[in-house]
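Student: I have a model open and would like to test some of the labels people put on it. Could you take me through the reasoning behind them?

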Amino acid sequence: MAALADPTRRRLLDLISARGTASATELAGGLPVTRQAVVKHLAVLDAAGLVTGRRQGREVRYEVRSAALDATARWMASLAADWDRRLARIKAVAEAAEVAARDEHH
C-alpha cells in the first residue's frame, strides 16, 4: 500500500495509535516536519482509509481506522509469505546447482 511507503506516515499512524486521537498540531509537535506537511500526510492516510478525521470545535481530531489497518497488515503478511516462498525456491535451486557443479568436478 503506497500510503504506508512513507516513514513519516508510518510514524503518524504510530503516534495516533498511541494517543487514541490527535490533531495535526499535536502530531507536528512530535515530528521534524511542519504542521502543513502533517496535514498533507494525514490526507493521504485518510484517502487510503487508514485514518479518519472528525471535527471537534476548531480542530480536526484524527484516529486510526483499526479494521483498515488490520486488513493492510494481513495483506502485508501475505505478501511477505509469498516472498519467503520465492526466496526459498531460489535458494533451493542455487544449492542444487552448487551440489551438481561440485559433483561434476569430482
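Tutor: Happy to! This is a predicted model, and a good place to start is helix 4 (residues 66-104), where glutamate 95 and lysine 91 sit 4 residues apart, so about one helical turn separates them.

Student: What makes glutamate 95 and lysine 91 a salt bridge?

Tutor: Their closest N and O atoms are 3.9 Å apart. The cut-off is 4 Å between a Lys or Arg side-chain nitrogen and a carboxyl oxygen of Asp or Glu, so the pair counts.

Student: Why is lysine 91 called exposed, and why is glutamate 95 called partly exposed?

Tutor: Exposed means over 50% relative accessible area, and lysine 91 has 52%, so the label fits. Glutamate 95 has 42%, which falls between the 20% and 50% limits, so this residue is partly exposed.

Student: Which residues are joined into one network by salt bridges that share partners?

Tutor: Glu26, Glu59 and Arg61 are. Arginine 61 meets glutamate 26 at 3.0 Å, N to O, and glutamate 59 at 3.2 Å, N to O. Both distances are within 4 Å, so each pair is a salt bridge.

Student: How do you know that arginine 61 and glutamate 26 tie together parts that are apart in sequence?

Tutor: Look at where they lie: arginine 61 is in strand 3 (residues 59-64) and glutamate 26 is in helix 2 (residues 24-29), so the pair links parts 35 residues apart in sequence.

Student: Is arginine 61 buried or exposed?

Tutor: Buried: its relative accessible area is 13%, and the label applies under 20%. Its partners get another label, because glutamate 26 at 31% and glutamate 59 at 32% both lie between 20% and 50%, so they are partly exposed.

Student: How many salt bridges does a search of the whole structure find?

Tutor: That search gives 6, including the pairs of arginine 61 with glutamate 26 and glutamate 95 with lysine 91.

Student: Which residues make the nonpolar surface patch of about 630 Å²?

Tutor: Trp75, Met76, Leu79, Trp83, Leu87 and Ile90 make that patch.

Student: And what makes leucine 79 eligible for a patch?

Tutor: Leucine 79, which is placed in helix 4, has 35% relative accessibility and counts as partly exposed. A patch residue needs over 30%, so leucine 79 passes that test.

Key: Residues numbered from 1 in each chain as written. Predicted model: local features only at pLDDT ≥ 70, side-chain atom pairs only at ≥ 80, totals over all residues. Heavy atoms only, no water. Helix = DSSP H or I, 4+ residues; strand = E, 2+ residues; numbered from the N terminus. Buried < 20%, exposed > 50% of the residue type's maximum accessible area, 1.4 Å probe, protein only. Patch = residues over 30% accessible without salt bridge, like charges linked within 9 Å, V, L, I, M, F, W, Y side chains within 5 Å. Areas by Shrake-Rupley, 256 points an atom, 1.4 Å probe, with all protein chains shown as cover.
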